[in-house]
Amino acid sequence: MPVNPDASALVMQFSKWPEAGRVKTRLMPELGAEGAMEAHIRLSLAVLDNLVASGYTVRFLWDRELKSTPEGATPVLERLEAHGVAQALQQGDVLGERMLQALEAGLGGFGKAMIVGSDCPSVDADYVRTAVAALDEVDVVLGPSEDGGYVLIGARRVIPGMLADVAWGTDKALSQTCDRLTQANVSFRLLPQRWDVDEPEDWHRFTGQSSG
């Protein structure tokens, strides 16, 4: 692992608990509920390994508190333990609120904080390092995805409301976020475009690369 040039950066992975029928639902027509859950687990592990390889401190944030741990979560929990990655819970009702609160909490202990989704295997260690470096010059960094959203958001400063009223899960998410940041007078930079896994063709792209 390369020497980490910036130990004051926190990289957070957002994830849902692996439960059949609740994750990667757009893959279910092709893979079925169990297959979509297995895809979610495989993606979560791939993203986790990439983030750990970046050399920065990693934290794993589950979507909600559960009374009991789903059986499907075992591979993820074992990998988290192997990497020594701490777990926490996302806070907030909508995605923008959850991300803002996570970034704000992260900045309470680190100079830079960023979030990557568990369906973004194209975010490799070098991409994370590029994002951290960009925060030397701007307040926020965004990694655009091919579908109009983004695979990564990082910050060294956050402003209340800067992620409000964004149509999450649509092709307007990135452009609307850029508009909100501009309105809040928050400087930002866009990284090179990457892709995430939502549709069956995205899954085939991932499995083709990961097995080739």
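The exercises below, each with a worked solution, concern a predicted model.

**Exercise 1. Find which residues have the most contacts inside the largest nonpolar core, and which elements supply that core.**

Step 1. The largest nonpolar core has 33 residues. Met114, Val116, Val123, Val128 and Leu152 have the most contacts inside it.

Step 2. Next, sort the core by element. At least two of its residues come from each of β1 (9-15), α1 (28-53), β2 (57-62), α2 (74-83), β4 (112-117), α4 (125-134) and β6 (150-155). The largest share, seven residues, is from α1.

Step 3. Apart from this core lies another, of 23 residues, including Met12, Ala102, Tyr150 and Leu181.

Step 4. Take Val123 as a sample. Neighbours within four places in sequence are left aside, and the contacts of Val123 are then Asn50, Val116, Val128, Val151 and Leu152.

Step 5. As background, nonpolar side chains in soluble globular proteins tend to be buried together.

**Exercise 2. State which residues of α4 are buried and which elements they pack against.**

Step 1. The buried residues of α4 are Ala125, Tyr127, Val128, Ala131, Val132 and Ala134.

Step 2. The general rule for spacing is that an α-helix has 3.6 residues a turn, so residues three or four places apart point the same way.

Step 3. The packing partners of these buried residues are β1, α1, β4, β5, β6 and β7 (188-190).

**Exercise 3. Work out how β2 pairs with β1 and with β3, and give the handedness of each crossover.**

Step 1. β1 and β2 run parallel and are joined by six bridges. Within this part of the model, Phe14 stands opposite Leu61 of β2.

Step 2. Between these two strands the chain passes through α1, and the β-α-β crossover is right-handed.

Step 3. β2 also runs parallel to β3 (residues 86-89), with four bridges between them. Here Arg59 is opposite Ala86 of β3.

Step 4. The unit made by β2, α2 and β3 is right-handed as well.

**Exercise 4. Decide whether Ser145 and Pro160 are buried or exposed, and place each in the chain.**

Step 1. Ser145 is in the loop between β5 (140-144) and β6. Its relative accessible area is 2%, under the 20% limit, so Ser145 is buried.

Step 2. Look at the surroundings of Ser145. Residues up to four places away in sequence are not counted, and Ser145 touches Tyr150, Val151, Gln193, Arg194 and Asp196. The side chain of Ser145 also reaches the backbone nitrogen of Tyr150, at 3.4 Å.

Step 3. Pro160 belongs to the loop between β6 and α5 (173-183). Its relative accessibility of 73% is over 50%, so Pro160 is exposed.

Step 4. For a distance, compare Pro160 with Val11: they are 149 residues apart along the chain, and their C-alpha atoms are separated by 21 Å.

**Exercise 5. Locate Lys24 and Asn185, give their phi values, and classify their accessibility.**

Step 1. Most residues other than glycine have a negative phi.

Step 2. Lys24 has a positive phi, near 45 degrees. It sits in the loop between β1 and α1. Lys24 counts as buried because its relative accessibility is 14%.

Step 3. Asn185 also has a positive phi, near 60 degrees. Its loop is the one between α5 and β7. Asn185 counts as exposed because its relative accessibility is 64%.

**Exercise 6. From the salt bridges, pick out pairs that link distant parts of the chain, and describe the accessibility of their residues.**

Step 1. The model holds 14 salt bridges.

Step 2. Asp49 and Arg79 form one of them, at 2.7 Å from N to O. This pair links distant parts of the chain, with Asp49 in α1 and Arg79 in α2, 30 residues apart. Asp49, at 29% relative accessibility, counts as partly exposed, and so does Arg79, at 28%.

Step 3. Asp139 and Arg157 form another, with the closest N and O atoms 2.9 Å apart. Asp139 lies in the loop between α4 and β5, Arg157 in the loop between β6 and α5, and the pair, 18 residues apart, links distant parts of the chain. Asp139 is buried, at 8%, whereas Arg157 is partly exposed, at 33%.

Step 4. Finally, a network of salt bridges links Lys24, Arg26, Asp119, Asp198 and Glu199.

Technical notes
Residues numbered from 1 in each chain as written. Predicted model: local features only at pLDDT ≥ 70, side-chain atom pairs only at ≥ 80, totals over all residues. Heavy atoms only, no water. Core = buried A, V, L, I, M, F, W, Y, C linked by side-chain atoms within 4.5 Å. Buried < 20%, exposed > 50% of the residue type's maximum accessible area, 1.4 Å probe, protein only. Contact = heavy atoms within 4.5 Å. Polar contact = N/O pair within 3.5 Å; in protein donor to acceptor, adjacent residues only side chain to side chain. Pairing = 2+ DSSP bridges. Right-handed = clockwise from strand over helix to strand, strands pointing away. Salt bridge = Lys/Arg side-chain N within 4 Å of Asp/Glu carboxyl O.
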